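Student: I'm new to this one and would like a close look at just one part: how the aromatic rings pair up. Could you go through it slowly and show me what surrounds them?

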Amino acid sequence: MRTYDFAPLYRSTVGFDRLFSMLDQATRVEPATQWPPYDIEKVADDAYRITMAVAGFSQDEIELTQHDTTLLVTGQRKEKDEERAYLHRGIAARAFRQSFSLADHVRVTGAALKHGLLTVELKREVPEAFKPRRIPIGGSEAAIGQDNAPAQVEAQVEDQAGDQAKAA
């Protein structure tokens with residue numbers, strides 16, 4: 001596997017530290033986490049779903065924690081099998097720890113465990129301050145919030161023409 005040196009990019013950019021850290025982390029050789037298997041799907045433009053196969057785990061044995069842009073899913077079985085004598089044990093019951101890097105403004109909106117599948121619903125919720133906003137030109141009026149309405153240029157021109165006719 002190739003390794004990339006991102007140091008020159010750190011020297012010539014400002015504010016992209018997190019992006020380069022993520023790229024650097026993705027290129028590091030780490031033991032692949034094959035268990036539990038999971039799917040990540042995009043359900044809508046700003047909605048995602050992670051589905052993990054966690055057969056044999058109950059709700060109280062699985063913990064989900066979101067800290068900033070990291071979602072951590074851990075599972076720890078509570079041993080109840082002392083009274084059972086297994087001849088073959090093929091269902092994996094080992095503890096697991098799986099982390100997911102989330103984009104900015106993505107948060108967990110819900111989780112459910114049904115039929116051995118843990119489903120985690122995620123949604124991107126961009127704050128109003130980060131959404132595009134229309135900025136008026138030439139006015140002293142401050143642009144507040146988001147304004148995606150079409151500009152009323154014709155009405156403004158007529159109003160200005162009327163004001164000029166009154167002034168003359």
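Tutor: Here comes the background, then the rings, and then the sheets they belong to.

What you see is a predicted model, where local features need pLDDT of at least 70 and side-chain atom pairs count only at pLDDT 80 or more, while totals for chains, interfaces and linings use all residues. Residues are numbered from 1 along each chain as its sequence is written, and side-chain values use heavy atoms, with hydrogens and water left out. The chain averages a pLDDT (the predictor's confidence in each residue, from 0 to 100) of 76, with 64% of the residues at 70 or more. Of the chain's elements, β2 has the highest mean at 93, and helix α3 (residues 153-167) the lowest at 59. Helices (H or I, at least four residues) and strands (E, at least two) are DSSP runs, numbered from the N terminus. Where pLDDT is low, don't read the predicted coordinates in detail.

Now the rings. There are two aromatic pairs in the structure (ring centres of Phe, Tyr or six-membered Trp within 6.5 Å; planes under 30 degrees apart are stacked, over 60 edge-to-face, the rest tilted). In one of them, Tyr38 and Phe100 have ring centres 5.1 Å apart and planes at 90°, so this pair is edge-to-face. It brings together distant parts of the chain: Tyr38 belongs to strand β1 and Phe100 to strand β5 (residues 96-101), 62 residues apart. Tyr38 is partly exposed, at 34% relative accessibility, whereas Phe100 is buried, at 7% (buried is under 20% relative accessible area, exposed over 50%, partly exposed in between, with a 1.4 Å probe and protein chains only).

The other pair is Phe57 with Phe96: their centres are 5.2 Å apart and their planes stand at 80°, so it too is edge-to-face. Here Phe57 comes from the loop between β2 and β3 (62-67), while Phe96 comes from strand β5, 39 residues apart. Both Phe57 and Phe96 are buried. Phe57 has another partner as well: the charged end of Arg77 sits over its ring, 5.7 Å from the centre (that takes Lys NZ or Arg CZ within 6 Å of the ring centre and within 35 degrees of the ring normal).

Let's step back to the sheets. Strand β5 belongs to an open sheet of three strands, ordered β3-β4-β5 with antiparallel pairing (strands pair if DSSP finds at least two bridges between them). β3 and β5 are its edge strands, each pairing on one side only. Six bridges hold β5 to strand β4 (residues 70-75) in the antiparallel sense, and Val73 stands opposite Gln98 in β5.

Tyr38's strand, β1, is in an open sheet of four strands, whose order is β1-β2-β7-β6 with antiparallel pairing. β1 (38-44) and β6 (106-114) are at the edges with a single partner strand each, so one side of each has no neighbour in the sheet. Eight bridges join β6 to strand β7 (residues 117-124), again antiparallel, with Lys114 opposite Leu117 in β7.

One residue leads us back to Tyr38: Thr51, which lies in strand β2 (residues 47-53). Thr51 counts as buried, at 15% relative accessibility. Leaving aside residues up to four places away in sequence, Thr51 touches Pro37, Tyr38, Asp39, Glu41, Leu117, Leu118 and Thr119, where touching means heavy atoms within 4.5 Å.
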